[in-house]
Amino acid sequence: MSFPNPATSVKLVLLGEAAVGKSSLVLRFVSNDFQENKEPTIGAAFLTQKCTIGERTIKYEIWDTAGQERFASLAPMYYRNAQAAIVVYDITKPASFIKARHWVKELHEQASKDITIALVGNKYDLVEDDNEEDGLRKVSVEEGKGLAEEEGLLFFETSAKTSYNVNDVFIGIGSKIPETNAGNGAAPADQTGGEGRIDLTSNSVAANRAGECAC
Amino acid sequence: MDENYDVIVLGTGLTECVLSGILSVEGKKVLHIDRQDFYGGESASLNLSQLYGKFKPTSQKPELRGRDRDWCVDLIPKFLMANGELTNILVHTDVTRYIEFKQISGSYVYRGGKISKVPANETEALKSSLMGIFEKRRMKGFLEFIQNYDDDVPSTHQGLNLDSNTMDEVYNYFRLESGTKDFIGHAMALWSTDDYLKEVARPTYERIILYVQSVAKYGKSPYIYPLYGLGELPQGFARLSAIYGGTYMLDTPIDEVLYKEVDGVSKFDGVVTKEGKAKAPIVIADPTYFPEKVKKTGQRVIRAMCILDHTIPGTNDLDSIQIIIPQNQVGRKHDIYIAVVSDVHCVVPKGYYLAIVSTIIETDSPHVELEPAFKLLGSRVDTLMGIADIYEPINDGTSDGIYISKSYDASSHFETTTDDIKDLYFRITGKPLVLTKRPNAEEEEANAGVAA
């Protein structure tokens, strides 16, 4: 008989220029699916997916930008208590890589300082068959790695279309998140004064959310 | 950019964001613009540099601990009633998923130079220091009457009629003293003047019921408050709007409002911004976007944000409270409200407290009017004051397609704001606002699984 550890909740936010494949990446991770010409994100508040890494189970609460990044209108609420972030760019679009630098800077300013960030160059499927000279790839692996090392980020190149490396991103993030951080729901208790939060949908005072059924 | 929308919303205050969210969920294509680079408009919570930039741009700010964004200071001090309409809207739209709430730890009323807890039920009434022994019994009788009153059961009416007797007549039936009337009318029914005494009793009865039911919900007080400040509320509804397809543009001033003539009437047609032209038959806006289409109500509110490094004396070190100073007690016509929150609500760094004092201005030296409140607070690290006119739209918007919200008033809760939201919704859509529950997280997950 085995006793699985209860899943710990981790709020993960997605950042990146429009149309780099943020939602596709999540869709691939959450339901192992890919939709060509996917419409911009509509209707999903946030998606959840569990991920088992060794002894630990992490339940990701994945927040998509819902298009609020398009005119630089993301709310502080979006970054609040995020323990992980994925900054996505399109390896065939240099402008999206420049934008990725901007998002990393924004995260350092807005998010908590111990946030785990992964830099992800998406659409690897488009460059798989590239020739050396005139391929579709416009951002080299070295450039991506360079930025990641500079800023202390995890780095992956992925394809949401073929699922190449997608799970590795979430496993990589999960293994880097400190245990202590992920113990008390999406919001660490030391920052929010844990006790006395109330659940408006019920009539009782919930001491905190750690008691929630993780199943 | 996309040219045609069903609705354009200007300003990201709470009223605008709730309507934007509800209309997006209903399938309307919404473009939501704010000229400022942050969410919330007049109902924002500001960080330290935004706060001092707005209220004391020229003076040196005091040495305060914590990072800039550890401070979330509300521009409009209000609390949510636990059983009030805004809570209802939050639950039905599932915006509760983005915002966490805590109770306000106590509700106090000023009487005879000191503050006391407002009794919310018969048991508390019997223990309260606000009343003498005989008055306590009369108060108990009054509360029992309120709780047991049933329109369909004449025996619970005790010969009174809520729709024809005035509230003062009801009080007098129970032989309540004027001081007791003060705290019932002002600290429970939350009237800010004594006008209600001469009006029929039903609205006051309903307000007392809301208070009592709100206290019963979580216990300590009738009030709840979002972690990180009231500015989370517009952000939460804006997110709701965005996930249902709403487009958001902050930091985007309106260069021009477009009109078209229809049957000799000038109607709203769209706006021009740095992103180009956007058209819609309807615009919802806060009063600052259409100064020529609003009028002053004549009421002006003074609000003082006080930074403290201690709890309020005489409250057993409660981390958060509301104190109401009924007008009678200090020789005024309008009540003074004090809202206190602290680091447990994540709005200040540990060790600090925020007390926001507000009232409707009655004299030429408004800051002096707040003195009775300042006395209760004790020493203050710093005080920032602002005066605001209260605006309302001149027309109801049905002829020109321009629907304008009211300014946030001086009341201590959101009930008048939700009245405005429901009224605007009715004027815009022609039907009353009926909230249907969105699928919750688990249901949504299940649906997503099916779609995939």
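**View 1. Chain A has six helices and seven strands.** The model is predicted. From the N terminus on, the elements of chain A follow the order β-α-β-β-α-β-α-β-α-β-α-α-β. The chain has 215 residues, and 45% of them count as buried. Take the contacts in chain A with a separation of 6 or more: 70% of these join residues 24 or more positions apart.

**View 2. Confidence varies along chain A.** The mean pLDDT of chain A is 81, with 78% of the residues at 70 or more. Over residues 181–194 of chain A the pLDDT falls below 50, yet this stretch has 31 contacts in the model beyond near neighbours in sequence. Residues 203–215 of chain A also have a pLDDT below 50. Here the model shows 20 contacts beyond near neighbours in sequence.

**View 3. Six strands of chain A form an open sheet.** The strand order is 2-3-1-4-5-6, and the pairing is mixed. Strand 2 (47–53) and strand 6 (154–157) of chain A are the edge strands, each paired on one side only. From one strand to the next, the twist averages 25°.

**View 4. Strand 1 and strand 4 of chain A run parallel, with helices packed on the sheet.** Strand 1 covers residues 8–16 of chain A and strand 4 covers residues 84–90; five bridges link the pair. Within this pairing, V13(A) stands opposite A85(A) of strand 4. Helix 3 (residues 94–110) of chain A lies across strand 1, strand 4 and strand 5 (116–122). Helix 3 of chain A runs at about 165° to strand 4 of chain A. Helix 4 (residues 141–151) of chain A packs on the sheet too, touching strand 5 and strand 6 of chain A. The directions of helix 4 and strand 6 of chain A make an angle of about 160°.

**View 5. Chain B is assigned three domains: domain 1, domain 2 and domain 3.** Domain 1 of chain B comprises 7–46, 231–295 and 392–451. Domain 2 of chain B joins 71–105 to 297–390. Domain 3 of chain B takes in 116–218. The centres of domain 2 and domain 3 of chain B, taken over C-alpha atoms, are 24 Å apart. Contacts between these two involve 13 residues of domain 2 of chain B and 12 residues of domain 3 of chain B.

**View 6. Helix 1 of chain B is mostly covered.** This helix spans residues 14–25. Its 12 residues reach 16 Å from first C-alpha to last, close to the 16 Å expected. Of these 12 residues, 12 are buried. Among them are L14(B), C17(B), L19(B), I22(B) and V25(B). The cover includes strand 1 (7–10), strand 2 (30–33), helix 3, helix 9 (232–243), strand 14 (282–285) and helix 12 (415–429) of chain B. After helix 1 of chain B comes G27(B), with a positive phi near 100°.

**View 7. Helix 9 of chain B is mostly covered, with part of chain A among its cover.** The end C-alpha atoms of helix 9 of chain B are 16 Å apart, which agrees with the span of 16 Å for 12 residues at 1.5 Å a residue. In helix 9 of chain B, 12 of 12 residues are buried, including L233(B), F237(B), L240(B) and I243(B). What covers them includes helix 2 (76–79) of chain A. Chain B adds helix 1, strand 2, helix 3, strand 9 (223–226) and strand 10 (247–249) to the cover. G245(B) follows helix 9 of chain B and has a positive phi, near 100°.

**View 8. T87(B) sits in helix 3 of chain B.** The helix spans residues 85–93 of chain B. T87(B) is buried because 20 other C-beta atoms lie within 10 Å. Leaving aside neighbours within four places in sequence, T87(B) is in contact with L200(A), L80(B), M81(B) and A82(B). E63(B) is 24 residues from T87(B) along the chain, and their C-alpha atoms are separated by 37 Å.

**View 9. Seven strands of chain B form an open sheet.** The order is 8-7-16-17-18-15-19, with mixed pairing. Strand 8 (114–117) and strand 19 (382–393) of chain B stand at the edges; each has a single partner strand, so one side of each is left without a neighbour in the sheet. Direction ignored, neighbouring strands are turned by 25° against each other on average. Strand 15 (residues 294–308) and strand 19 of chain B pair in the antiparallel sense over 11 bridges. K296(B) stands opposite Y391(B) of strand 19. Helix 7 (residues 178–188) of chain B lies across strand 7 (106–111) and strand 16 (321–325) of chain B, at about 140° to strand 7.

Key: Residues numbered from 1 in each chain as written. Chains lettered and ligands numbered in written order. Predicted model: local features only at pLDDT ≥ 70, side-chain atom pairs only at ≥ 80, totals over all residues. Helix = DSSP H or I, 4+ residues; strand = E, 2+ residues; numbered from the N terminus. Contact = placed C-beta atoms within 7 Å. Expected span 1.5 Å × (residues − 1). Pairing = 2+ DSSP bridges. Axes fitted to C-alpha atoms, helices over the stretch in contact; angles between N-to-C directions. pLDDT = per-residue confidence, 0-100. Domains from an automatic or database assignment.
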